[in-house]
Amino acid sequence: MTQTLDPVTGTDPQTRVDAWLARFEAALAAGDAAAGSALFATECYWRDLVAFTWNIKTVEGRDGVADLIGAAGARSGASAFATSEPPDEADGVVTAWITFETGTGRGNGLLRLKDEDGEDRAWTLLTALYELKGHEEPRGTHRPMGTQHGAFKDRVTWKERRQAEAESLGSTTQPYVLVIGGGQGGIALGSRLRQLGVPSLVIDKHPRPGDQWRNRYKSLCLHDPVWYDHLPYLKFPDNWPVFAPKDKVGDWLESYVKIMEVPYWSNTTASSATWSDETQEWTVEVEREGKPLTLRPKQLVFATGMSGKARMPDIPGTDVFKGDVHHSSAHPGPDAYAGKKAVVIGSNNSSFDICGALWEHDADVTMVQRSSTHIVKSDSLMEIGLGDLYSERAVAAGVTTEKADLIFASLPYRILHTFQIPAYEAMAEKDKAFYDRLEKSGFRHDWGDDGSGLFMKYLRRGSGYYIDVGAAELVANGDVHLVQGQIDHLTEDAAVLEDGTTLPADVVVFATGYNSMNGWVADLIDQDTADRLGKCWGLGSETTKDPGPWEGEQRNMWKPTQVDNLWMHGGNLHQSRHYSLYLALQLKARHEGIETPVYGLQEVHHLG
C-alpha cells in the first residue's frame, strides 16, 4: 500500500500512526486522562470490546475518553501498541489496523485519525480483546497433538475420554457455564467455551441440534449471504449456497456440534432457576429426556434468540375460529392450505416469506399491514449494502470475515446511520421502478426514521423490515391481496379488522414479531430478576420502538448485566459468531479467577 505524505505535516501515514500510538500508550501507562483525551478529536468515539472495560462499551467525546482512561488506563497494563499492516489514507482519514497487549490479554483493533488544528487526532478507535495470556486457544501453533506417542498400558483413547466426560457431566461434575438455547447462538458460544477449556453445557428442548431451523416453515432460507453467516472456527465450504435453505442450515449446525465437540444436551428443558448468594451458584432444574435433573452452574447464559418470546396477540374469537390459527414461528408451511383462504397479520420478513409460499401453493392470500415496513431487494443489499465487507469480491480484496467483523464493529452506533443513508439512497435509485409499483399497490413503505434503512432498524428495534427475495413483487402486482388496519377479532370463518373489514379465512397466521428476551428470564427465574435485567436489544436511539436514553450499545447483549452471573447472547449468525468470542473471554476470565473490573455497567431504563 502506498504511503503518501501528508501536505500539512510532511510525514507518511505510518510515521503519523506510530507517533500517535506512542503518545497514547504513554498516556495510558500514566493514567493521564488529560493527555490521552487530547489525542482525540472534538468529535470522537472509543469502542472497547472487553480489552479495557471488561464490558462492551463505547465512550463518546473527549470527556468520555478521559473518564475511561482515568478509570482503566493505568490498571490495564496496556503496551506494545503497533500496526499490523501499513496504514492507509483516504479522504483525509488515516486508517490503521493495530495490535496491543494488556496485563491480561492481547488485542487488536482499528484506528482512524483526522487532522484537527494541525494535529493527528483519533476520530474512532476500536480496541478488542482476542485472547487471554496463559489461556491461548489450542489452535494454530498451539494445536493439540491428539495422541501421546509411545506404549502405555493405561492408555485412554479419545473416544473413551469423550464418553467419560459425557457420563460425568451433570452428575459428578457440574458445568461452570450453562447455556440455555442450542440454536446458532448457543452453539457458537459453546464452541468458543470448549476451545477455551471452560466446563460448559448447552441445553435445548429439540431432539437434535438444528431442529430450531428444520421446524420452521418449509420455504425459509437465510436472507443474509453466506459470507456474513460463518460460524466460529469452521467456515462454510466454498460451494455452499449464497442463501442456505433452512434444512441445510439445520444439518450444518448438527454436524458442527459434533465436529467441534460442543457439550450439548438435546431433549432437555429448563423449568426453573434460582441464584444463591451463599454458594454463588445457580440451581437449575431441568428435564432431560423425561427425567428430572438438577444442574449447579456458576454462570447462566440465555441464548434463546434475539427475538425472544413470540408475540401472540390476545384476539377475541380465537377460541371460536374453526380454521387454523398460529404464530408465524409455529407455521407448518403451505402444503395443507392449497385452495384455501389465508390471512397473514403483519408485513415484515416472516409475513412475506409465508405469503409467498402460500401463494406458490395456490392459496388465496391476504396480507394485513399494521404499520409501515422497510423493504430492500436482496441483490441490491448484497451489492451496495454488504458487498464491500461480505462478498466474494471482498474476500478477493483481502477482507476476510474476521476483518469485516472488526470493520463493522469499528463504526460507532452513534454515527453508523450516516454511513448507511447513502447506501440506501443508492438502493432507492437503483430499484425506483419497484418502489413505484409497491407504492401504487397501497403498501406503506419507509426507509427508517432517518432514511438509514435495514441495518439500523435491526439494531434499534429488531423489526420493521423485509429483505425481498421475491414475495414483495406479489404484493406490488396484486397476487397477494393487501389490506391496511388492525385486527379486532375472529369469527368462525373470518378475521375482522377494527374498521369492520371482514376477511374470510381458513387459516390466520400472526406474523406479529417477538417480545424482549427478558421474557424468558421472567419465565425461568422470576419477574423481579427480569426487571432487574431490563430490556434486551436496542440502542436508545429514540427512534420508533427504540426509546432513549442513549445507550450506544445493544442493551444487555454479550456483556455484564445488572444481574450478576446472568448473561444474554443472541442475534443473527454474524453477531453470534463475532460476539461469542467476547462473551466467552469474559466467562473464561471469571472461571480462571482473573480480576474483571467492569467499567460502565449499563443502567436499566426499560423493563421489557
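# A tour of helices and charged pairs

Start with two helices. Select α9 (residues 378-386) and α12 (residues 413-430): their axes come within 10 Å and cross at roughly 145°. The crossing of α9 and α12 is right-handed. What you have open is a predicted model.

Now show the side chains at this crossing. On the α9 side, pick D379, S380, L381, E383, I384 and G385. They meet A423, Y424, A426, M427 and K430 of α12. Colour the contact by class: six residues are nonpolar, two are polar and three are charged.

**Next stop: α14**

Select residues 453-460, which form helix α14. How many of the residues of α14 are buried? Eight of its eight residues are, and the helix is mostly covered. Click along α14 and you pass G453, L454, F455, M456, K457, Y458, L459 and R460, the buried residues.

What do the buried residues of α14 pack against? Show α9 and α12 again, for both helices are among the partners. Then add β18 (374-377), β19 (465-468) and α18 (573-591), against which these buried residues of α14 also pack. Before leaving, step to G462, just after α14. G462 takes a positive phi of about 70°.

**Next stop: R192**

Move to helix α5 (residues 184-195) and select R192. Does R192 sit buried or exposed? R192 is buried, yet has no salt bridge. The nearest side chain of opposite charge belongs to E137, 4.8 Å away. Salt bridges here need a nitrogen-to-oxygen distance within 4 Å.

Now show what surrounds R192. Leaving aside neighbours within four places in sequence, R192 is in contact with P232 and Y233. Its other contacts on that basis are R577, H578, S580, L581 and A584.

**Next stop: the salt bridges**

Side chains of opposite charge can pair when their charged atoms come close. The model holds 37 salt bridges. Visit three of them.

Begin inside one helix. Select E165 and R162, which form a salt bridge with their closest N and O atoms 3.1 Å apart. Both residues lie in helix α4 (residues 158-168). They are three residues apart, about one turn of the helix. E165 counts as partly exposed because its relative accessibility is 31%. R162 is also partly exposed, at 22% relative accessibility.

Now select R214 and D251. Their salt bridge has its closest N and O atoms 3.1 Å apart. This pair links distant parts of the chain: the two residues are 37 residues apart. R214 belongs to helix α6 (residues 211-214), and D251 to helix α7 (residues 246-259). Compare the two ends. R214 is buried, with a relative accessible area of 12%, while D251 counts as partly exposed at 40% relative accessibility.

Go on to E473 and R437. Their side chains meet in a salt bridge, 2.7 Å from N to O. Here too the pair links distant parts of the chain, 36 residues apart. E473 is in helix α15 (residues 471-476), and R437 is in helix α13 (residues 432-440). E473 counts as partly exposed because its relative accessibility is 24%. At 36%, R437 also counts as partly exposed.

**Last stop: a network**

Which residues do salt bridges with shared partners join into one network? Select R208, D211, R214, D251 and E254 together. Salt bridges that share partners join these residues. The pair R214 and D251, visited earlier, belongs to this network.

How values were computed
Residues are numbered from 1 along each chain as its sequence is written. This is a predicted model: local features need pLDDT of at least 70, side-chain atom pairs count only at pLDDT 80 or more; totals for chains, interfaces and linings use all residues. Side-chain values use heavy atoms; hydrogens and water are left out. Helices (H or I, at least four residues) and strands (E, at least two) are DSSP runs, numbered from the N terminus. Buried means under 20% relative accessible area, exposed over 50%, partly exposed in between (1.4 Å probe, protein chains only). Lys and Arg count as positive and Asp and Glu as negative; His and the chain ends are not counted. Contact means heavy atoms within 4.5 Å. Axes are lines fitted to C-alpha atoms, for helices over the stretch in contact, and angles run from 0 to 180 degrees between N-to-C directions. A crossing is left-handed if the near helix is turned anticlockwise from the far one by less than a right angle, and right-handed if clockwise. Ala, Val, Leu, Ile, Met, Phe, Trp, Tyr, Cys and Pro count as nonpolar, Asp, Glu, Lys and Arg as charged, and the others, Gly among them, as polar.
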